[in-house]
Amino acid sequence: MPNKLPYKYIILGILFGMICFLKPIVFLLISIVTVFMAFISGVDKSDRIVLRRLVITALILRFLFTAIAIFSVPALEGHFKGAFMENVIGHNLQLFRDFHREILNGRHLADYFLGKYAGTSMKEVAHSGATSFLTVGAYFRAWLNLIFGESILNSFVFPLISTVAVIIAYYLAKEIFNRKAAVVFSSMMAVLPSFVVWSCINMRTSIGVIAMLLSGYGLVKFSKENNFKFLIYLIFGASMINFAKDKFFVPFIAIIPWLLFLCFKIKFSKKVIVSILMFVLVANAAEKIPFARNRVQSLFVDMLSRQKSYAVYEHGSNYAIYDDFFYQQDLKKVGYVSPLVFIKALPKGVAYLLFSPFPWKINNQLRLFSYPQIILWYFLFLLSLIGILVGLRHRLQMALPILIFAAYWVILLALTMGNEGIAARQRDLVLPFFYLFTSAAILHLLGKDFLEQK
């Protein structure tokens with residue numbers, strides 16, 4: 001009896017070719033899945049099964065939410081009418097406005113690059129005439145439209161790529177703690193709603209999360225071996241930050257030298273002494289040297305201005321953290337700004353950054369849907385504090401740079417954010433590090449041997 005197996009492959013190849021001819025984007029989607037599966041097939045057998053399950057779970061959730069986002073587009077364009085649809089969808093459409101704008105701008109940019117808007121400025125091409133809406137997500141969609149043609153399936157490409165965050169999370173936790181912690185941490189990254197949402201509708205935030213995790217992984221690897229080849233992870237992380245969130249690039253670069261110093265295998269007491277001396281020298285220079293003092297004051301005014309711009313914005317749920325004086329004055333004419341201004345505002349800023357929207361301020365449907373994760377996050381935050389103590393006690397060399405990196409971003413964002421929705425989105429750039437320590441706390445409280453580093 002002849003072997004019929006080759007004919008099956010021939011038929012499958014013909015079907016695949018026909019599908020790719022009709023929808024070329026299918027080729028890219030299948031190629032990305034193939035790369036994922038090839039990577040997972042090449043890892044250690046003990047990791048392979050877990051990673052496969054985590055990736056499949058993450059993909060299913062992201063594809064389902066992407067389908068929901070696609071369903072929202074007709075509603076945003078006013079195609080769904082009637083009291084029933086308004087009650088069902090309601091304020092929830094706010095969540096998908098950026099997604100909708102990216103689809104529109106991706107279409108406009110593709111036409112612009114094809115020369116269909118000859119003699120037209122980029123501002124006129126942008127949706128609502130706002131070039132700020134021409135984000136990396138819009139350009140990414142334009143690129144897909146140009147190469148593969150406009151298709152509803154284009155919206156599934158980045159949710160698929162963003163699943164790499166789950167894999168990075170797994171190896172980050174495994175490096176610091178062990179495989180059990182890796183499973184807990186990467187499971188959180190795979191299933192927590194906010195990470196699923198950003199992976200599907202906000203490319204910039206999703207890239208930011210990946211960049212932060214990748215940078216953390218680079219710091220951990222460097223602290224273990226002090227091999228400069230691991231700086232490549234930090235370089236990739238910095239490049240991704242510059243690509244997706246360029247305003248974060250300078251702050252990102254500014255903290256890296258100190259973190260690398262903390263990663264070197266020298267006595268902890270020497271690290272503390274050198275860090276204190278450097279802090280004193282920098283503080284003294286910022287006070288005594290005119291150029292440095294002017295630069296610091298300019299930075300302080302910029303931070304105040306950013307927070308003020310959010311706090312006085314007419315839309316959204318905004319909040320103020322500084323004294324009323326700064327919201328009533330032209331900040332360029334304020335004069336000297338004391339560091340005490342920021343120290344005083346920090347507790348309130350951190351509270352809003354980490355914990356808003358507060359449960360007692362649930363005033364619309366969209367916030368109601370976020371309520372379960374907010375409550376869960378409050379409990380996980382308490383666990384993360386335990387995990388931080390566990391990490392500092394047993395994994396000081398690797399945990400300290402990660403902790404300082406996370407604290408640095410919490411402080412910086414706390415002092416510049418002023419809108420609860422934006423603060424919640426930026427918070428997810430640093431929350432993965434809290435969840436990392438939460439995984440250690442969970443194992444510790446369950447009596448698992450998190451010291452067993454396999």
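This is a short tour of one protein chain, with a selection to make at each stop. The model is predicted.

**Whole chain**

Start with everything shown as cartoon. The protein chain has 22 helices and 0 strands. Colour by burial next: of the 454 residues, 48% are buried. Now turn on the surface. Its accessible area is about 23,200 Å², and carbon and sulfur atoms account for 68% of that. Contacts in this chain often link distant stretches of sequence: among those with a separation of 6 or more, 72% join residues 24 or more positions apart.

**Helix α9**

Select residues 164–176, which form helix α9. How far apart are its end C-alpha atoms? They are 19 Å apart. With 13 residues at 1.5 Å a residue, a span of 18 Å is expected, so the two values agree.

Now show the side chains of α9. Because 12 of its 13 residues are buried, the helix is largely enclosed by the rest of the structure. The buried set runs from Ala165 to Ile176 and includes Lys174 and Glu175. Tyr170 and Tyr171 are also among the buried residues.

**The second largest pocket**

Stay with α9 and add Phe39, Val164, Ile167, Ile168 and Leu214. These residues lie nearest the centre of the second largest pocket, which has 15 lining residues. Its volume is about 390 Å³. What classes of residue line this pocket? The lining has 15 nonpolar residues, with no polar and no charged ones.

To see which helices build the wall, select α2 (25–41), α9, α12 (203–225) and α13 (231–244). Each of them supplies at least two lining residues.

**The largest cavity**

Move to the enclosed spaces. There are 2 cavities of 30 Å³ or more. The largest cavity has a volume of about 120 Å³. Select Glu102, Arg141, Phe158, Cys200 and Met203, which lie nearest its centre among 16 lining residues.

The class make-up is mixed here: 9 nonpolar, 5 polar and 2 charged residues. Colour α5 (97–113), α7 (136–148), α8 (157–161) and α11 (193–201) to see elements that each give at least two residues to this lining.

**The second largest cavity**

The second largest cavity holds about 80 Å³ of space. Select its lining: Arg62, Ser162, Thr163, Ala165, Val166, Met189, Phe195, Trp198, Ser199, Ser206 and Val209. Two or more of these residues come from each of α9, α11 and α12. Which helix gives the most? It is α11, with 3 residues. By class, the lining has 6 nonpolar, 4 polar and 1 charged residues.

Two residues tie this stop to the earlier one on α9. Ala165 and Val166 line the second largest cavity, and both are buried in α9.

**Helix α11**

Keep α11 selected. Is this helix mostly covered or mostly open? It is mostly covered, with 8 of its 9 residues buried. Those buried are Ser194, Phe195, Val196, Val197, Trp198, Ser199, Cys200 and Ile201. Cys200 also lies near the centre of the largest cavity, as one of the residues listed there.

**Alanine 69**

Follow Ile201 to its partner. Alanine 69 touches Ile201, along with Phe96 and Phe99. Alanine 69 sits in helix α3 (residues 45–76). How accessible is alanine 69? Its relative accessible area is 0%; a residue under 20% counts as buried, so alanine 69 is buried.

Now draw a distance from alanine 69 to leucine 95. The two are 26 residues apart in sequence, yet their C-alpha atoms are 8.9 Å apart in space.

**Two backbone spots**

Most residues other than glycine have a negative phi, and most peptide bonds are trans. The last two selections depart from those patterns.

Select asparagine 226, in the loop between α12 and α13. Its phi is near 50°, a positive value in a residue other than glycine. Asparagine 226 is partly exposed, with a relative accessible area of 22%.

Finish at serine 356 and proline 357. Which form does the peptide bond between them take, cis or trans? It is cis, with omega near 0°. Proline 357 lies in the loop between α18 (339–355) and α19 (365–394).

Methods. Residues numbered from 1 in each chain as written. Predicted model: local features only at pLDDT ≥ 70, side-chain atom pairs only at ≥ 80, totals over all residues. Heavy atoms only, no water. Helix = DSSP H or I, 4+ residues; strand = E, 2+ residues; numbered from the N terminus. Expected span 1.5 Å × (residues − 1). Buried < 20%, exposed > 50% of the residue type's maximum accessible area, 1.4 Å probe, protein only. 1 Å grid on protein atoms, 1.4 Å probe; cavity = no way out; pocket = protein on both sides within 12 Å on 5 of 7 lines; lining within 4 Å. Points joined across faces, edges and corners; volume = space filled by probe spheres on them. Nonpolar A, V, L, I, M, F, W, Y, C, P; charged D, E, K, R; others polar. Contact = heavy atoms within 4.5 Å. Areas by Shrake-Rupley, 256 points an atom, 1.4 Å probe, with all protein chains shown as cover. Lists of a residue's contacts leave out its neighbours within four places in sequence.
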